[in-house]
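This report looks at aromatic pairs, cores and surface in one protein chain. Please keep the sequence and the model at hand while reading.

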Amino acid sequence: MTLLTTLVIALAITQALDFYTTRTILKAGGHEQNPIVKKLMDIFGRDVFLVSKGIAVVAAGSYVGSESILLLGVLVLFYVGIIVHNWKSMP
């Protein structure tokens, strides 16, 4: 397995974990802190937005990774940070 493939799989896993942690927090009464994301969730629905965003991030990450493995690695680490933050905020 190539490094690109490994990082794209890692990015897909981060998106699944971001979906799970964000959804859990919101279902428990938490609030989305990003006003743009909140507005998009209000327009499209929470789950539709989160799934669509996850697919878009993995697609964009795949393209970015084909140009720069370093940027893809940074994107994966960025989402790991979001997941850690979400995990600490979970009820």
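Is Y20 buried, partly exposed or exposed? The model is a predicted one. In this model Y20 has a relative accessible area of 45%. Y20 is therefore partly exposed, since that class lies between the limits of 20% and 50%.

**Aromatic pairs**

The structure contains 2 aromatic pairs. One of them joins Y20 to W87 in a tilted arrangement. Its two members come from distant parts of the chain: Y20 belongs to helix α1 (residues 3-27) and W87 to helix α4 (residues 69-89), and 67 residues separate them. F78 and Y79 also form an aromatic pair, and this one is edge-to-face. The table gives the geometry of each pair.

| Pair | Centre to centre | Angle between planes | Arrangement |
|---|---|---|---|
| Y20 and W87 | 6.4 Å | 40 degrees | tilted |
| F78 and Y79 | 5.3 Å | 85 degrees | edge-to-face |

How exposed is F78? F78 has a relative accessible area of 49%, so F78 counts as partly exposed. Y79, in contrast, is buried, with a relative accessible area of 9%.

**Cores**

In soluble globular proteins, nonpolar side chains tend to be buried together. Which residues make up the largest nonpolar core? This core has 8 residues, namely L7, V8, L11, V57, V58, L72, V76 and Y79. Helices α1, α3 (46-67) and α4 each contribute at least two residues to this core. Y79 thus appears both in an aromatic pair and in the largest core.

With neighbours within four places in sequence left aside, V57 is in contact with L11, Q15, L75 and Y79. Of these contacts, L11 and Y79 are also members of the largest core. There is also a second, separate core of 5 residues, among them V37, M41, F49 and L50.

**A buried aspartate**

D18 lies in helix α1. Its relative accessibility is 6%, which means that D18 counts as buried. What does D18 touch, apart from its neighbours within four places in sequence? D18 is in contact with K53, Y79, I82, I83 and N86. Y79 is thus a contact of D18 as well as of V57.

**Surface**

Nonpolar residues also occur at the surface of the model: M1, I9, I13 and L17 make a nonpolar patch of about 420 Å². One of these residues, I13, is located in helix α1. I13 is partly exposed, with a relative accessible area of 48%.

Notes:
Residues numbered from 1 in each chain as written. Predicted model: local features only at pLDDT ≥ 70, side-chain atom pairs only at ≥ 80, totals over all residues. Heavy atoms only, no water. Phe/Tyr/Trp six-rings, centres within 6.5 Å; stacked < 30°, edge-to-face > 60°. Helix = DSSP H or I, 4+ residues; strand = E, 2+ residues; numbered from the N terminus. Buried < 20%, exposed > 50% of the residue type's maximum accessible area, 1.4 Å probe, protein only. Patch = residues over 30% accessible without salt bridge, like charges linked within 9 Å, V, L, I, M, F, W, Y side chains within 5 Å. Areas by Shrake-Rupley, 256 points an atom, 1.4 Å probe, with all protein chains shown as cover. Salt bridge = Lys/Arg side-chain N within 4 Å of Asp/Glu carboxyl O. Contact = heavy atoms within 4.5 Å. Core = buried A, V, L, I, M, F, W, Y, C linked by side-chain atoms within 4.5 Å.
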